Amino acid sequence: MSKRKFSEILGLLMIGTFVSSCDLPRSDRPSVLVIAVENLGVNALNCSRESRNNSRSGFDLLCEESVRFTHGFTPSVLSGPALGSVLTAQYPAIHGLRHHGRSALSSRMETVAEVAQKKSYATSFFSGGAPILRKHNFQQGFEVFDDNFAPGLNRFFRPLAQTEPLFLNWLKDIGKQSFFSVIYAPDLMFSNTETTNDLGDARNLSFDSQLEELDETLYNYFQELKVRNR
C-alpha cells in the first residue's frame with residue numbers, strides 16, 4: 001500500500017490490548033481509545049530525536065511513551081472499509097463495507113464495541129464528519145454515537161479540537177468505568193481551513209499547518225487524560 005494509516009496501526013494495537021484484558025477483574029481492566037486520523041500516512045510521523053522540538057507535541061508523547069508497530073498495513077485505501085476492519089477484525093469482503101456509497105457494515109458482524117458492552121465497558125464514538133457516519137452502520141455497540149455537527153460555508157467537518165470537550169464531558173459522565181471509545185478526525189483532508197497557533201496567529205493554509213494543529217490538539221488530549229488518571 002502507498003500509505004499505512006495511523007488509525008489502523010493504533011487500532012490494532014488497542015484492540016489487541018482490549019481483547020487480552022477482557023477477563024481481568026474490572027478494576028484492573030484498561031480503557032481503550034482509538035483515534036482514527038484521516039490522511040495521516042507513515043511519512044508524516046518522525047520519531048527521531050533530531051526532528052522533535054515542539055514542547056507541546058502529541059506525536060512526541062507517542063514516540064516517547066508508546067509502542068510503535070512499523071509493519072501494520074491497512075486492508076483498504078478507503079477509510080470507511082478500513083475502520084470497519086478495525087472494529088470487526090474482518091476484511092471488507094466479509095464485513096460488507098467496501099466503499100463510501102450505499103454499502104454498510106453488516107449487522108451480522110459482532111464489533112469490538114459490542115464485545116466491550118458485554119464486558120460492562122462504556123462505549124462511545126465521536127465522528128468529525130464524512131465519510132464515517134451512522135449511515136454506514138458504525139453505531140453497532142456504541143452507547144453514544146455522535147456524528148452531529150453543523151457544517152459552515154468554510155468548514156465541512158468538526159475539527160478534533162472541537163470533539164475534545166464532547167469526549168471529555170462524556171468521560172466525566174461515566175466516572176471511573178472502563179471505556180472503549182473511537183474518535184474519527186478528518187482534519188488533514190481540509191488543508192484550506194485556517195488554523196491558529198497559541199498566540200492567535202493564523203497559520204498558512206497547508207497540510208503541514210493542519211498537521212501542526214492536530215499535533216497540538218493530541219497533546220492537549222493526552223495531558224488531560226493524564227490529569228484525570230486515565
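1. Helices α6 and α7 are roughly parallel to each other, because their axes meet at an angle of about 15 degrees and angles under 35 degrees count as roughly parallel. This is a predicted model. The two axes lie 10 Å apart. Helix α6 covers residues 160-173, and α7 covers residues 207-227. The crossing of α6 past α7 is right-handed.

2. Look next at the residues behind this packing. From α6 come L160, A161, T163, E164, F167, L168 and L171. They meet E213, L214, T217, L218, N220, Y221, E224 and L225 of α7.

3. E164 deserves a separate look. It sits in helix α6. E164 is buried, yet it has no salt bridge. Which side chain of opposite charge is nearest to E164? It is R228, at 7.9 Å. A salt bridge needs a nitrogen within 4 Å of a carboxyl oxygen, so this pair does not count as one. Setting aside neighbours within four places in sequence, E164 is in contact with N220 and Y221. Both N220 and Y221 are among the α7 residues listed for the packing with α6.

4. R228 does have a partner, namely E224. Their closest N and O atoms are 2.8 Å apart in this salt bridge. R228 is partly exposed, with a relative accessible area of 28%. E224 is partly exposed too, at 26%. E224 is also one of the α7 residues that meet α6.

5. Helix α7 has a second helix to consider, α2 (residues 58-65). How do α2 and α7 lie to each other? They are oblique. Their axes cross at roughly 60 degrees and come within 6 Å. On the α2 side, the contact is made by G58, F59, L61, L62 and E65. On the α7 side, it is made by L211, L214, D215, L218, Y219, F222, Q223 and K226. L214 and L218 of α7 appear here and also in the contact with α6.

6. A salt bridge joins α2 and α7 as well. K226 pairs with E65, with the closest N and O atoms 3.0 Å apart. K226 lies in α7 and E65 in α2, so the pair ties together parts that are 161 residues apart in sequence. K226 counts as partly exposed because its relative accessibility is 43%. E65 counts as exposed, at 52%.

7. A further salt bridge pairs R158 with D146, at 3.4 Å from N to O. R158 is in the loop between β3 (144-146) and α6, while D146 is in strand β3. The two residues are 12 apart, and the pair links distant parts of the chain. Is this pair buried or exposed? R158 counts as buried, at 6% relative accessibility. D146 counts as buried too, at 16%.

8. How many salt bridges does a search of the whole structure find? It finds 5. Among them are K226 with E65, R158 with D146, and R228 with E224.

9. One last residue is T74, in the loop between α2 and α3 (79-88). T74 is buried, with a relative accessible area of 6%. Its C-alpha atom is separated from that of Y91 by 9.9 Å. T74 and Y91 are 17 residues apart along the chain.

Definitions and conventions:
Residues are numbered from 1 along each chain as its sequence is written. This is a predicted model: local features need pLDDT of at least 70, side-chain atom pairs count only at pLDDT 80 or more; totals for chains, interfaces and linings use all residues. Side-chain values use heavy atoms; hydrogens and water are left out. Helices (H or I, at least four residues) and strands (E, at least two) are DSSP runs, numbered from the N terminus. Buried means under 20% relative accessible area, exposed over 50%, partly exposed in between (1.4 Å probe, protein chains only). Lys and Arg count as positive and Asp and Glu as negative; His and the chain ends are not counted. Contact means heavy atoms within 4.5 Å. Axes are lines fitted to C-alpha atoms, for helices over the stretch in contact, and angles run from 0 to 180 degrees between N-to-C directions. Angles under 35 degrees count as roughly parallel, over 145 as roughly antiparallel, 65 to 115 as roughly perpendicular and the rest as oblique. A crossing is left-handed if the near helix is turned anticlockwise from the far one by less than a right angle, and right-handed if clockwise.
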